[in-house]
Amino acid sequence: MSELRWNPLVGQWVITATERQERTFLPPKDYCPLCPTKPGAFPTEIGEPDYDMVTFENKFPSLRPNPPVPAIDGSELEPVRPAGGVCEVVCYTPDHEATLADQSVTRLEHLVQVWTDRFRALGDRPEVKYVFAFENKGKEIGVTMFHPHGQIYAYPFIPPIIERELEEARKHFDKTGRNLLLDIAQSEIADGRRVIVQNDSFVAYIPFFARYPYEVHITATRRGVTSFAEFEVADRKNLASILKKIVCAYDKLWDFSLPYIMSIHQRPTDGEDYSNLYQFHIEFYPPYRTKDRLKYLAGSEAGAGAYINDTLAEEKAEDLRQALVRAGV
Amino acid sequence: MADVNSEDTMHRRETLMADERRKLYYFTFSNDSDESGDVDSDTKTSDEEAGNE
């Protein structure tokens with residue numbers, strides 16, 4: 001059963017997708033569904049014996065191109081909708097043991113091209129209002145498959161965090177005539193204490209308002225870059241380069257492969273013009289606050305939405321700058 | 001030093017998965033293009049190649 005149920009208390013859609021309870025959970029390497037299918041071996045999701053990069057529709061999707069009729073009636077107070085949309089898996093590499101940090105800058109450029117292709121293709125679907133690419137990495141984040149991969153959700157609505165960012169960006173634009181995300185990026189560059197690395201297209205920093213100790217944002221600094229669709233070739237190369245530096249710095253922080261959520265924020269695909277309001281950016285949320293302690297989203301965060309960060313962004317940015325030097329990339 | 005204005009050309013091949021419902025896209029990259037650098041999606045599908053359409 002699958003449908004969208006409206007939560008009138010906070011004004012958000014909740015996706016009900018009961019089939020996902022049965023999804024593959026931490027399969028052994030020999031039965032990884034994201035590896036290529038080797039001759040005579042277990043047939044995986046990917047039928048060919050090798051691949052470069054692959055995307056495919058998730059076997060256990062939250063959103064479907066042809067969604068079933070909702071199994072329950074809604075009401076005026078709590079409406080329901082079919083859970084239309086698309087959920088895709090993005091396999092970065094056939095190498096089961098690799099991570100994003102192991103990929104070359106050239107391969108990361110290829111990944112940016114794949115993300116761009118899927119943003120355009122999925123965003124062109126009339127029912128899709130928002131294309132969200134992300135990666136959940138590590139068992140601490142709750143991954144169900146270790147093979148290096150990301151996901152793309154093409155939603156039939158603008159998801160709440162993006163909607164909130166757009167609301168604040170509109171308020172800022174109405175008040176100042178300026179782009180909020182560019183102002184934040186320029187403020188970080190001017191201050192410098194929280195900047196990890198910068199190139200001609202992007203700046204990576206721990207934001208002044210970081211919620212997680214090692215939360216990093218990578219923001220496009222060229223005006224009008226609201227999504228992959230506005231990338232020029234140099235932007236693709238520069239994103240690949242800065243992405244490589246950040247994920248390698250993460251892994252050098254404590255010399256283990258650091259789990260994270262990587263969340264790619266772009267403009268909606270609802271046909272509106274966001275060029276003055278929004279900027280492409282990536283947000284990383286690593287769950288560790290020290291090398292052996294996790295930051296949990298507990299009472300204040302989960303129940304009240306008020307984040308408590310036990311660290312100073314300025315100090316954690318220095319940690320990451322030093323880790324980047326040790327990484328040597 | 002790499003030319004920042006050129007990049008590998010991307011080719012996309014669409015096919016159906018074993019359940020014959022879900023779509024799968026194979027992406028490959030080549031550096032033999034003299035085009036502008038825009039993504040070149042080869043949308044010819046395996047189904048078309050197999051005459052299944």
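# Close-up views of a two-chain predicted model

**View 1. The interface of chain A and chain B.** Between them, chain B and chain A bury about 2100 Å², with 51% of it on carbon and sulfur atoms. The model shown here and in the other views is predicted. In contact across this interface are 22 residues of chain B and 26 residues of chain A. The rule finds three salt bridges between chain B and chain A. Glu45(A) and Arg22(B) form a salt bridge, with 2.9 Å between the closest N and O atoms.

**View 2. An open sheet built from strands of chain A and chain B.** Eleven strands make up the sheet, and their pairing is antiparallel. Their order is S8(A)-S9(A)-S10(A)-S12(A)-S11(A)-S6(A)-S7(A)-S5(A)-S3(A)-S2(B)-S1(B). At the edges are strand S8 (195–198) of chain A and strand S1 (9–16) of chain B, each of which pairs on one side only. On average, neighbouring strands of this sheet are turned by 20 degrees against each other, direction ignored.

**View 3. Strand S7 of chain A and its two neighbours.** S7(A) (residues 149–155) is joined by five bridges to strand S6 (residues 130–137) of chain A, and the two run antiparallel. Six bridges join S7(A) to strand S5 (residues 86–91) of chain A, again in antiparallel fashion. Gln151(A) is the bridge partner of Phe134(A) and also of Val89(A). Tyr153(A) in S7(A) stands opposite Phe132(A).

**View 4. The two faces of S7(A).** Seven of the seven residues of S7(A) are buried. One side carries His149(A), Gln151(A), Tyr153(A) and Tyr155(A), and the other Gly150(A), Ile152(A) and Ala154(A); both faces are covered.

**View 5. Helices packed on the sheet.** Helix H2 (residues 160–176) of chain A lies across S6, strand S11 (260–265) and strand S12 (281–285) of chain A. H2(A) runs at about 50 degrees to S11(A). Helix H6 (residues 313–327) of chain A also packs on the sheet, where it touches S8 and strand S10 (216–220) of chain A. The direction of H6(A) makes about 45 degrees with that of S8(A).

**View 6. Helix H1 of chain A.** H1(A) covers residues 105–123, 19 residues in number. From its first C-alpha to its last, H1(A) reaches 26 Å, close to the 27 Å expected at 1.5 Å a residue. Because 15 of its 19 residues are buried, H1(A) is largely enclosed by the rest of the structure.

Note on methods:
Residues are numbered from 1 along each chain as its sequence is written. Chains are lettered from A and ligands numbered from 1 in the order in which they are written. This is a predicted model: local features need pLDDT of at least 70, side-chain atom pairs count only at pLDDT 80 or more; totals for chains, interfaces and linings use all residues. Side-chain values use heavy atoms; hydrogens and water are left out. Helices (H or I, at least four residues) and strands (E, at least two) are DSSP runs, numbered from the N terminus. The expected span of a helix is 1.5 Å times one less than its number of residues. Buried means under 20% relative accessible area, exposed over 50%, partly exposed in between (1.4 Å probe, protein chains only). Two strands pair if DSSP finds at least two bridges between them. Axes are lines fitted to C-alpha atoms, for helices over the stretch in contact, and angles run from 0 to 180 degrees between N-to-C directions. Contact means heavy atoms within 4.5 Å. Buried area is the accessible area (1.4 Å probe) that two parts lose on being put together, summed over both. A salt bridge is a side-chain nitrogen of Lys or Arg within 4 Å of a carboxyl oxygen of Asp or Glu.
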